[in-house]
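Colleague: Please take a close look at a single part of this model, the open sheet, and describe how its strands are arranged. Add what can be said about the histidine and cysteine side chains elsewhere.

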Amino acid sequence: MEGLAYCKVAISPVRASASDRAEIVTQLLFGEVLEIMGNDQQWLHVRTYLDNYEGWIDGKQVRSLSQKEVGRWLDSNIIESSLTRELETPWGKQIITRGAFVPLEQTGAFNIGRDQFNLVGEPSFVPESIAELAASYENTPYLWGGKTPFGVDCSGLMQSVHRRFGINLPRDASQQVAHGMDIPFGEQVAGDLVFFQNKEGRVHHVGLLVDEMTVIHASGWVRKDDFTDKGIVRRTDNELSHHFYAIKRL
């Protein structure tokens with residue numbers, strides 16, 4: 001089985017291999033487009049359309065699209081910012097969450113391919129900045145591979161909040177660091193991305209500056225900590241938790 005499709009469920013786990021026991025490497029949210037590269041019984045080998053991230057999903061959680069239908073849908077959607085929204089679907093009512101793909105109008109009837117949906121009610125939260133949207137995730141628990149306000153990892157948070165404002169970042173921190181302009185420490189401003197390295201020198205963590213010396217990031221939970229020239233200093237215990245690597249401005 002090959003072709004294009006979209007995620008029909010609120011949250012679909014993307015796994016490292018074709019098994020329910022396999023590691024979750026990322027998530028697909030409602031309306032997200034993917035390319036089907038092959039299958040193993042019920043499992044589909046997929047590549048996400050916007051960031052080329054590969055993994056395996058349950059084939060029952062997607063619906064097929066043509067290339068023309070994909071183009072029409074991607075030209076007319078935006079990222080949901082409300083915590084949850086009620087959606088009427090051809091298979092009944094369901095709840096979608098912040099980060100889902102929804103129509104630009106953000107309310108009423110719309111189509112994805114041949115499937116018709118209806119967004120019930122108006123959005124409850126419309127952020128004016130990336131930092132404001134990131135702050136709405138505060139206290140979300142850390143979840144490896146997560147991309148929602150019910151569980152998120154550091155790079156998933158950065159990808160989701162930037163997508164709402166038309167900036168399409170790759171999935172992982174080690175990929176995101178290749179984007180943007182390098183900024184020297186001391187010249188950073190709110191909205192800059194800050195990256196951190198492990199003992200081997202590999203970029204493994206990312207956060208967003210909400211002001212020159214405060215970073216919001218996912219570490220245990222989504223939290224605000226102090227940003228210094230050494231790295232992140234946790235406000236809970238004043239310990240250095242992540243070692244500074246770079247500042248990037250998109």
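Modeller: Two strands are taken to pair if DSSP finds at least two bridges between them. The model is predicted. On that basis, four strands make up an open sheet, in the order E10-E9-E13-E12, with antiparallel pairing. Its edges are strand E10, residues 92-97, and strand E12, residues 108-112, each of which pairs on one side only. From one strand to the next, the twist averages 35 degrees. In general, the strands of a sheet pair through backbone hydrogen bonds, in either the parallel or the antiparallel sense. Edge strand E12 is joined to strand E13, residues 115-120, by five bridges in the antiparallel sense. In one of the pairs, Gly108 has Leu119 of E13 as its bridge partner.

As for the histidine, His242 lies in strand E22, which spans residues 240-249. His242 has a relative accessible area of 9%, and because the cut-off for buried is under 20%, His242 counts as buried. The side chain of His242 makes a polar contact of 2.9 Å with the side chain of Ser241. Setting aside neighbours within four places in sequence, the residues in contact with His242 include three histidines, His204, His205 and His217. Phe196, Ser219, Lys230, Gly231 and Ile232 are also in contact with His242.

Turning to the cysteines, the structure holds zero disulfides. Cys7 is buried, at 0% relative accessibility. Cys154 is buried as well, at 6% relative accessibility.

Terms used:
Residues are numbered from 1 along each chain as its sequence is written. This is a predicted model: local features need pLDDT of at least 70, side-chain atom pairs count only at pLDDT 80 or more; totals for chains, interfaces and linings use all residues. Side-chain values use heavy atoms; hydrogens and water are left out. Helices (H or I, at least four residues) and strands (E, at least two) are DSSP runs, numbered from the N terminus. Axes are lines fitted to C-alpha atoms, for helices over the stretch in contact, and angles run from 0 to 180 degrees between N-to-C directions. Buried means under 20% relative accessible area, exposed over 50%, partly exposed in between (1.4 Å probe, protein chains only). A polar contact is a pair of N or O atoms within 3.5 Å; within protein, one must be able to donate a hydrogen and the other to accept it, and residues adjacent in sequence count only if both atoms are side-chain atoms. Contact means heavy atoms within 4.5 Å. A disulfide is a pair of cysteine sulfur atoms within 2.5 Å.
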